[in-house]
Amino acid sequence: MSASRTEATERPLWKTLALWTLPTLLFLMTASLLLTVQSLRDVADSAYDRSLRGAIRAIDLRVSTESGGLGVELPYPLFESFQATADGEILFRVSTDDGLVQIGEPLLPPPPPLKPEEFVFYDATYFDRPIRVGAYMRPLDPPLYGASGGQNLVIEIAETTESRDAFLHTVMTRTMLRDLTALIAAMVLLSLGVHAGLRPLRSLRDRLDRRASDDLRQLDPTGLPREVQPLVTSVNRLVDRHRAQGEAQRRFIEDASHQLKTPLAVLRAQIDRARQLDDTGQIQDVLAAMREIVDRSAHLTSQLLSLAHARNAAMWIDGAPDRVDAHALLDSVVRLHVGPARQRRILLEVEVSPEMRPLHVPEALLFEAVSNLLGNAINASPRGATIVLTACRGRHETLIEVRDAGPGLSDALLRQLASGQRFNLAGGRRAGTDSTGLGLTIVQEIMKSLGGRAVLSNRPEGGLSAVLHLPDRQERLKAD
Amino acid sequence: MIRIDMMRAAALAAPAMILSSTIAFAQPENPECIAPAQPGGGFDITCKLAQAALTEAGILESPLRVSYMPGGIGAVAYSTVVGQRSDEPGTIVAFSSGSLLNLAQGKFGDHDENAVRWVASIGTDYGAVVVPADSPWESLGQMMDAIKADPGSVILGAGGTIGSQDWMKAALTARAAGIDHKTMRFVAFEGGGDCATALQGGHVQACMQDVGDSQAAIDGGAPLKLLAIFAPERLSGKLAEVPTAKEQGFDIQWPIVRGFYVGPDVSDEDYAWWAEAFQKAMAAPGYAALLESRNLLPMPMTGEELDSFVKSAVEDYRTLAAEFQLVQQ
Amino acid sequence: MRVLLVEDDADLASWLTQALMGRGFQVDWAEDGRMAELRITSEDFDVILLDLGLPALSGTDLLARLKSRRNDTPVLVMTARDSLAQRVALLRDGADDFMGKPFAIEELEVRIQALIRRSHGRARGIYGCGPLQFDQASQRFTMSGQPLALSPREQAVLRLLIQKQGDPLSKQQIVDRLVSMESDLNPDAVEVIVHRLRKKLGEGRVQIVTLRGVGYLLEAEDEG
């Protein structure tokens with residue numbers, strides 16, 4: 001079970017949700033806040049600027065050069081009317097751009113470069129106070145004292161913006177608090193919701209924790225959220241598979257131990273019998289019989305080991321299987337069996353269709369399956385017969401067939417194999433059926449582990465057709 | 001008969017001839033005194049004093065016209081006279097020590113002290129600190145403390161921008177009080193008149209001005225009071241109530257000479273006429289009273305004497321300006 | 001015929017030695033791989049019976065060392081390990097034959113004799129397949145003692161087949177092996193050559209068998 005793995009990355013769901021939503025929400029909040037403040041500031045500025053513009057014009061009107069000099073009517077009365085609508089202090093400066101005349105607050109920061117007849121507005125600081133300044137320059141025509149170059153009049157009016165800043169600060173604070181409260185409320189509701197939604201899962205977890213380690217009953221999915229149902233179904237399927245496998249293994253061990261112990265008992269009996277005998281000839285007979293038993297048992301042992309190996313290998317099949325060339329595989333299997341086949345003058349033939357694709361399966365296992373089938377076919381075929389091995393493509397699968405001209409299999413056995421039943425070792429105990437049956441069981445095991453199946457049938461013209469169906473990799477992955 | 005007429009005419013003409021023989025040339029037409037500031041300030045008083053003195057002494061038949069040409073505490077007027085009205089014989093322009101200070105800093109444009117012809121000085125004034133009558137400050141020290149505590153809260157007014165004599169008074173006082181003069185906040189006006197108005201409006205808390213124009217305003221009914229006078233010792237008369245800055249622990253004196261100049265192209269004869277005219281006017285018996293009523297002290301200099309006084313004063317001011325890092329050119 | 005038995009199980013070694021000696025073989029016994037290597041390098045044997053899974057030097061390592069020394073002695077590997085993959089790998093590594101335990105002693109004897117016969121033949125440069133013989137020295141084929149007339153190409157193909165008896169050769173494999181001498185040989189040409197060879201071999205005991213999809217096999221009827 002993969003319980004240990006999930007525990008390592010365990011994190012409350014609400015934390016995951018929070019991690020996803022919180023940064024985005026915060027970002028959105030901050031962005032909207034900044035936008036609000038910025039637009040408010042722009043609005044405030046434009047209002048300020050409008051009034052500053054008006055004041056500048058008003059002062060402009062009060063500038064008189066009739067005397068030949070530059071005189072400015074004191075703008076304080078004007079400012080007083082201003083002050084009524086404004087919250088800050090109003091400052092002014094009137095000067096000529098050659099610096100000869102300067103009236104007003106001389107310590108105002110110098111304006112940026114001005115173009116004639118142009119109003120410029122900007123923020124600055126005056127004695128540590130923030131101010132908004134409007135500046136305006138116009139040519140003096142005629143210039144004062146007959147100055148040769150162009151002479152310009154510069155009018156600057158500034159208003160302290162503490163009130164504006166305080167206002168903006170208030171807005172910002174209030175908006176932030178409002179958004180923060182909403183955020184916290186949302187988080188709380190979210191976590192409550194998640195908590196409530198997951199309660200059935202928690203009760204399920206408790207139930208599972210209380211189970212005995214070998215309890216393989218199905219999980220009860222009632223009351224669980226819909227999203228989790230598929231998970232529970234998959235877990236139940238896994239549990240079923242494991243249970244079935246456990247049972248099959250138990251059966252196998254029982255059968256195998258019976259199969260192996262019986263010949264040993266027979267041998268024991270034979271030895272005891274031989275020791276009783278005096279006649280060399282009789283002893284030789286017993287010894288011959290013993291040899292037969294030993295041979296059979298050796299073969300059976302070998303096959304049981306193969307079967308165990310096939311089952312074992314199936315468990316370790318993982319991500320990156322080999323790329324098997326079907327033609328090369330069939331060729332190697334044939335070469336392995338050429339000797340015994342030719343001893344009985346049996347012809348072995350290989351046909352591979354041109355549309356064959358590489359197979360993504362562990363080569364050794366497929367090799368063993370085909371080799372087993374071929375071995376059975378050679379044993380079953382009469383002298384001089386032909387055995388054909390073919391590989392071709394089906395619909396989303398590869399088919400490998402071994403056709404022989406032997407007697408085929410009994411209908412009963414065929415039915416048993418077709419129904420997916422494991423070959424029951426306790427059944428037939430005659431020499432041929434045993435090894436054939438066990439070999440076929442091995443083939444079935446292997447095909448199961450490769451995600452395919454073995455289909456056996458008697459051919460109408462006589463002989464057995466054993467077809468291995470290997471689904472393509474994607475199909476196999478889907479089936480998982 | 002003709003002989004009798006001619007003798008009569010000669011007899012009649014004699015005093016005129018005597019008179020006119022004492023003044024080498026005829027008086028200029030359209031005599032005008034330019035006060036290079038807004039009305040009500042020191043320059044205004046200077047011109048009006050000249051107006052009164054010349055008329056009382058009988059030197060001018062038609063009274064001296066006073067006109068105003070504000071701008072740069074005399075900078076505009078200086079440049080205008082030098083540039084456009086350099087040879088007008090009837091135009092005199094008021095100046096004060098403050099003008100000389102500005103000249104020393106190069107604030108009168110391209111022109112220096114040699115660009116005009118210095119005619120006469122008619123009196124001297126002293127700098128003063130003026131506050132509203134209901135101001136909480138009773139002494140210069142209190143005012144300085146207030147500035148020390150919160151520099152931005154006390155707005156000083158001055159008849160001139162940074163570097164002007166009014167500003168200099170404040171700077172000197174601040175220096176004496178241990179305040180960095182650069183942290184002072186003040187507003188520049190074109191002359192003491194505007195400053196006094198602002199003071200009354202509450203837009204500034206104190207004005208650095210001259211005794212002459214401040215006292216004139218007070219006499220005129222303005223609710224102001226003098227906090228200190230930058231004189232070596234107390235003045236006489238009603239001004240004796242006002243303590244000097246020195247008394248209050250600020251050893252600063254700021255005498256202000258007031259006088260007149262004419263354009264550089266005015267003829268020698270006209271220049272001499274004006275010099276003589278002032279000499280006579282200041283020698284007249286009623287002159288002292290005129291001075292007193294304007295709270296001024298005598299300082300009669302004309303012609304060469306004034307010229308050299310001006311030149312040396314400008315030199316002194318140059319040094320002072322350097323101390324305060326004020327020189328621009 | 002001298003046999004070196006490399007086997008670590010004393011019981012099996014003892015019984016096997018007795019059985020083989022009863023059949024007329026001369027058997028020497030080495031208990032582990034190191035001993036075996038020493039004896040092989042100092043003495044000549046006709047065949048080596050090698051058990052895998054020996055202490056000191058594993059059977060596969062011994063095989064590898066023998067091959068690297070270019071030792072031609074045929075090696076028959078005995079092992080209880082039965083996996084097909086291992087079997088194929090062993091044959092590839094240089095074992096000449098393979099028997100799984102337990103085995104019948106008659107089977108063992110037959111295989112040993114076949115191995116010896118083949119290696120002697122190879123050593124003398126004589127290959128035989130039933131009545132057909134090829135003498136490497138004279139580069140001549142004889143059928144029942146009579147010389148066989150063959151074109152150079154036919155001779156080359158038949159020689160390959162007789163040298164690789166028991167191993168089917170595909171057309172492509174023949175082409176690859178003969179490419180040095182015949183630059184324009186292709187699978188179709190090979191088919192034609194085999195057809196002509198069959199004619200020359202006639203209906204006798206020696207036949208070239210076609211295993212369709214696998215290759216050609218030279219066989220004599222009596223064998224097997």
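**Exercise 1. The contact of chain A and chain C**

How many residues does the contact take from chain A, and how many from chain C? Describe the area, the charged pairs and the elements involved.

*Solution.* The structure is a predicted model.

Step 1. Begin with the residue counts: chain A gives 22 residues to the contact and chain C gives 24 residues.

Step 2. Turn to the area. The size of an interface is often expressed as the accessible area lost when the parts come together. For chain A and chain C the buried area is about 1900 Å², with 54% of it on carbon and sulfur atoms.

Step 3. Count the polar links. Six salt bridges are found across the interface of chain A and chain C. The same interface holds 11 residue pairs in polar contact, both residues being at pLDDT 80 or more.

Step 4. Assign the chain A side to its elements. Two or more residues come from each of α7 (280-315), α8 (326-343), β8 (347-352) and α9 (363-380) of chain A. The largest share, eight residues, is supplied by α8(A). Sorted by class, this side of chain A has 10 nonpolar, four polar and eight charged residues.

**Exercise 2. A salt bridge between two chains**

Which residue forms a salt bridge with A:Glu349, and why does the pair join two chains?

*Solution.*

Step 1. Identify the partner. A:Glu349 pairs with C:Arg212, and their closest N and O atoms are 2.9 Å apart. This distance satisfies the cut-off, which is within 4 Å.

Step 2. Set the pair against the total, which is 48 salt bridges over all chains. C:Arg212 is located in the loop between β10 (206-211) and β11 (215-220) of chain C, whereas A:Glu349 belongs to strand β8 of chain A; the pair therefore joins two chains.

**Exercise 3. The contact of chain B and chain A**

Which residues of chain B lose the most area to chain A? Describe the contact as a whole.

*Solution.*

Step 1. State the extent. In this contact, 31 residues of chain B meet 25 residues of chain A. The buried area is about 2100 Å², and carbon and sulfur atoms give 62% of it.

Step 2. Name the residues. B:Val76, B:Arg185 and B:His203 lose the most area, together 25% of what the chain B side buries.

Step 3. Examine the charged pairs. Two salt bridges are counted between chain B and chain A. B:Arg185 meets A:Glu105 in a salt bridge at 3.4 Å, N to O.

Step 4. Locate the chain B side. At least two residues each are supplied by α3 (75-83), β6 (185-188) and α7 (192-201) of chain B. By class, the side of chain B that touches chain A has 14 nonpolar, 13 polar and four charged residues.

**Exercise 4. A sheet in chain C**

In what order do the four strands of the open sheet in chain C lie? Add the edge strands and the helix across the sheet.

*Solution.*

Step 1. The order is β6-β7-β8-β9 in chain C, with antiparallel pairing. The edge strands, each pairing on one side only, are β6 (126-129) and β9 (146-147) of chain C.

Step 2. Consider one pair of strands. β6(C) is joined to antiparallel β7 (residues 132-135) of chain C by four bridges. C:Tyr127 stands opposite C:Phe134 in β7(C).

Step 3. Place the helix. α6 (residues 152-163) of chain C lies across β6, β7 and β8 (140-143) of chain C, and runs at about 105 degrees to β7(C).

Definitions and conventions
Residues are numbered from 1 along each chain as its sequence is written. Chains are lettered from A and ligands numbered from 1 in the order in which they are written. This is a predicted model: local features need pLDDT of at least 70, side-chain atom pairs count only at pLDDT 80 or more; totals for chains, interfaces and linings use all residues. Side-chain values use heavy atoms; hydrogens and water are left out. Contact means heavy atoms within 4.5 Å. Buried area is the accessible area (1.4 Å probe) that two parts lose on being put together, summed over both. A salt bridge is a side-chain nitrogen of Lys or Arg within 4 Å of a carboxyl oxygen of Asp or Glu. A polar contact is a pair of N or O atoms within 3.5 Å; within protein, one must be able to donate a hydrogen and the other to accept it, and residues adjacent in sequence count only if both atoms are side-chain atoms. Ala, Val, Leu, Ile, Met, Phe, Trp, Tyr, Cys and Pro count as nonpolar, Asp, Glu, Lys and Arg as charged, and the others, Gly among them, as polar. Two strands pair if DSSP finds at least two bridges between them. Axes are lines fitted to C-alpha atoms, for helices over the stretch in contact, and angles run from 0 to 180 degrees between N-to-C directions.
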